[in-house]
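Biologist: I would like a close look at a single part of this protein, taken slowly and with its surroundings included. Please work from the model shown here.

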Amino acid sequence: MEKDAGHPVGDPEEAVRTVSQRLRFTDAQQKDILNHFIRGGDVTAGGVMHAVTSVARTLDDADTAHEMEAQALRALEAAAAL
């Protein structure tokens, strides 16, 4: 996990789009993940994972937030594979 987390993300927009499609996040969630990723300043696969959990914490629906946070490790792995 530590090795994957440090994998640099060359094209943040493409990485977030690909991860979001693979994990079936909504378009709105994808947009929010990209915004949180940029604001977080961590341009690695770990940054993608943190952006996913960051967005999840902003959601009003607890079930959706839980489902999104549960996908964080898969988001990390998908981003690292790009």
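What should the 12 residues of helix H4 (residues 45-56) span at 1.5 Å a residue, and how far apart are its end C-alpha atoms? Please go on from there to what surrounds H4.

Modeller: Please keep in mind that this is a predicted model. At 1.5 Å a residue, helix H4, which runs over residues 45-56, should span 16 Å, and its end C-alpha atoms lie 17 Å apart, which agrees with that expectation.

As to its surroundings, H4 is mostly covered, with 10 of its 12 residues buried; since buried here means under 20% relative accessible area, the term is a matter of a cut-off. The buried residues are Ala45, Gly46, Gly47, Val48, Met49, Ala51, Val52, Thr53, Val55 and Ala56. What covers them includes helix H1 (2-5), H2, helix H3 (27-40), helix H5 (62-70) and helix H6 (72-80).

H4 also contributes to the largest nonpolar core, a set of 23 residues in which Val19, Phe25, Ile33, Val48, Val52 and Met68 have the most contacts. H2, H3, H4 and H6 each supply at least two residues of this core, and the largest share, 7 residues, comes from H4. In soluble globular proteins, nonpolar side chains tend to be buried together. Valine 19, one of the core residues with the most contacts, touches Val48, Ala75, Ala78 and Ala79 once its neighbours within four places in sequence are left aside.

Among the helices that cover H4, H3 can be described in some detail. The axes of H3 and H4 come within 8 Å and cross at roughly 120 degrees, and the two helices are therefore oblique to each other. H3 passes H4 in a right-handed crossing, where Asp32, Ile33, His36 and Phe37 of H3 meet Gly47, Val48, Ala51, Val52, Ser54 and Val55 of H4.

H3 also packs against H2: their axes come within 10 Å and cross at roughly 140 degrees, which makes H2 oblique to H3. This crossing is right-handed, and its contact is made by Pro12, Glu13, Val16, Arg17 and Ser20 of H2 together with Gln30, Ile33, Leu34 and Phe37 of H3.

Finally, threonine 18 lies in H2, which covers residues 12-22, and counts as buried because its relative accessibility is 11%. Threonine 18 and glycine 47 are 29 residues apart in sequence, and their C-alpha atoms are 15 Å apart in space.

How values were computed:
Residues are numbered from 1 along each chain as its sequence is written. This is a predicted model: local features need pLDDT of at least 70, side-chain atom pairs count only at pLDDT 80 or more; totals for chains, interfaces and linings use all residues. Side-chain values use heavy atoms; hydrogens and water are left out. Helices (H or I, at least four residues) and strands (E, at least two) are DSSP runs, numbered from the N terminus. Buried means under 20% relative accessible area, exposed over 50%, partly exposed in between (1.4 Å probe, protein chains only). The expected span of a helix is 1.5 Å times one less than its number of residues. Contact means heavy atoms within 4.5 Å. A nonpolar core is a set of buried Ala, Val, Leu, Ile, Met, Phe, Trp, Tyr and Cys residues joined through side-chain atoms within 4.5 Å. Axes are lines fitted to C-alpha atoms, for helices over the stretch in contact, and angles run from 0 to 180 degrees between N-to-C directions. Angles under 35 degrees count as roughly parallel, over 145 as roughly antiparallel, 65 to 115 as roughly perpendicular and the rest as oblique. A crossing is left-handed if the near helix is turned anticlockwise from the far one by less than a right angle, and right-handed if clockwise.
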